Amino acid sequence: MSLPVLVAIVAFGIALSVAAVHFTGGSKTATLAGPDQALRRFAEDYPDETAATVRLTADAKTAFLDLGRGRIGIVHGIGDCFLTRIVTPADTRVSGAGEAHTVLVRLTDFTWKGGRFRFASAADAQALLNALGSHHSNSAREAA
């Protein structure tokens, strides 16, 4: 078999694989329809937990749930699925990200390092900073 034919077959195979992933929903991004969906999704993984407050990010890809006793539940869209975690201030480094209504959260969990989360309101961003930054007196400097 000649080299040009082999290259064409490989290129066609890669293109076909990418198209199959895309058309079967592999490139779809999961978003939360609202606080109720975040609560339901979180309850699938943590059925014994009860959330007092749900704060959705502006892009509806992440929800932060106040679980009480200094714990925060997280529901975060990755690909077309949702990742859930329970974190405490000891598990995180948080800071304002320099943008309005934005919080930078870094986790000690090696499977997901956190991210930059933008909220629709300053009150939600500040509430998350207060909840996760309560054990870090200089958390803004540590996270930067």
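Start the tour at Ser-17, which is partly exposed, with a relative accessible area of 44%. Ser-17 sits in helix α1, made of residues 3-23. Keep in mind throughout that this is a predicted model.

**Across the model**

With Ser-17 still selected, add Gly-98. The two are 81 residues apart along the chain, and their C-alpha atoms are separated by 41 Å. Now zoom out until the whole chain is in view. Along its principal axes, the C-alpha trace spans about 65 × 35 × 25 Å.

Colour the chain by secondary structure. The protein has 4 helices and 7 strands, and in sequence order they follow the pattern α-α-β-β-β-β-β-β-β-α-α. The radius of gyration is 20 Å, well over the 15 Å that the globule rule gives for 144 residues, so the protein is more spread out than a compact globule.

Show the surface next. About 8,400 Å² of the protein is exposed, and carbon and sulfur atoms supply 58% of that area. Of the 144 residues, 33% are buried. Colour the charged residues: there are 14 positive and 13 negative charges, and their mean positions are 5 Å apart.

**The largest nonpolar core**

Hide the surface and select Phe-64, Ile-72, Val-105, Phe-119, Leu-128 and Leu-132. In the largest nonpolar core, which has 15 residues, these six touch the most other members. The elements that give two or more residues to this core are β3 (71-78), β4 (81-87), β6 (102-107) and α3 (122-132). In soluble globular proteins, nonpolar side chains tend to be buried together.

Which residues does Phe-119 touch, leaving out those up to four places away in sequence? They are Arg-55, Leu-56, Thr-57, Ala-58, Phe-64, His-101, Val-103, Asp-124, Ala-125 and Leu-128.

Apart from the largest core lies another, of 9 residues; to find it, select Ala-30, Phe-42, Ala-63 and Leu-65, which are among its members.

**Arg-71 in strand β3**

Go to Arg-71, which is in strand β3. Is Arg-71 buried or exposed? Its relative accessibility is 15%, so Arg-71 counts as buried, the cut-off for buried being under 20%. Show the residues around Arg-71. Not counting residues up to four places away in sequence, Arg-71 touches Glu-49, Leu-65, Asp-66, Ile-86, Val-87 and Thr-88. Leu-65 in this list is also one of the residues of the 9-residue core.

Then select Ala-131. Arg-71 and Ala-131 are 60 residues apart in sequence, and 8.0 Å apart in space from C-alpha to C-alpha. For the protein as a whole, among contacts between residues at least 6 apart in sequence, 43% join residues at least 24 apart.

**Two loop residues with positive phi**

Move to the loop between β1 (53-56) and β2 (62-68), where Ala-60 is found. Ala-60 is not a glycine, yet it has a positive phi of about 60°. Ala-60 counts as buried, at 18% relative accessibility.

The last stop is His-101, in the loop between β5 (92-96) and β6. What is the phi of His-101 near? The value is near 65°, which is positive in a residue other than glycine. His-101 is partly exposed, with a relative accessible area of 27%. Select Phe-119 once more to link this stop to the largest core: His-101 is among the residues that Phe-119 touches.

Terms used:
Residues numbered from 1 in each chain as written. Predicted model: local features only at pLDDT ≥ 70, side-chain atom pairs only at ≥ 80, totals over all residues. Heavy atoms only, no water. Rg over C-alpha atoms; globule rule 2.2 N^0.38 Å. Buried < 20%, exposed > 50% of the residue type's maximum accessible area, 1.4 Å probe, protein only. Contact = heavy atoms within 4.5 Å. Areas by Shrake-Rupley, 256 points an atom, 1.4 Å probe, with all protein chains shown as cover. Lys, Arg positive; Asp, Glu negative; His and termini not counted. Charge placed at Lys NZ, Arg CZ, Asp CG, Glu CD. Core = buried A, V, L, I, M, F, W, Y, C linked by side-chain atoms within 4.5 Å.
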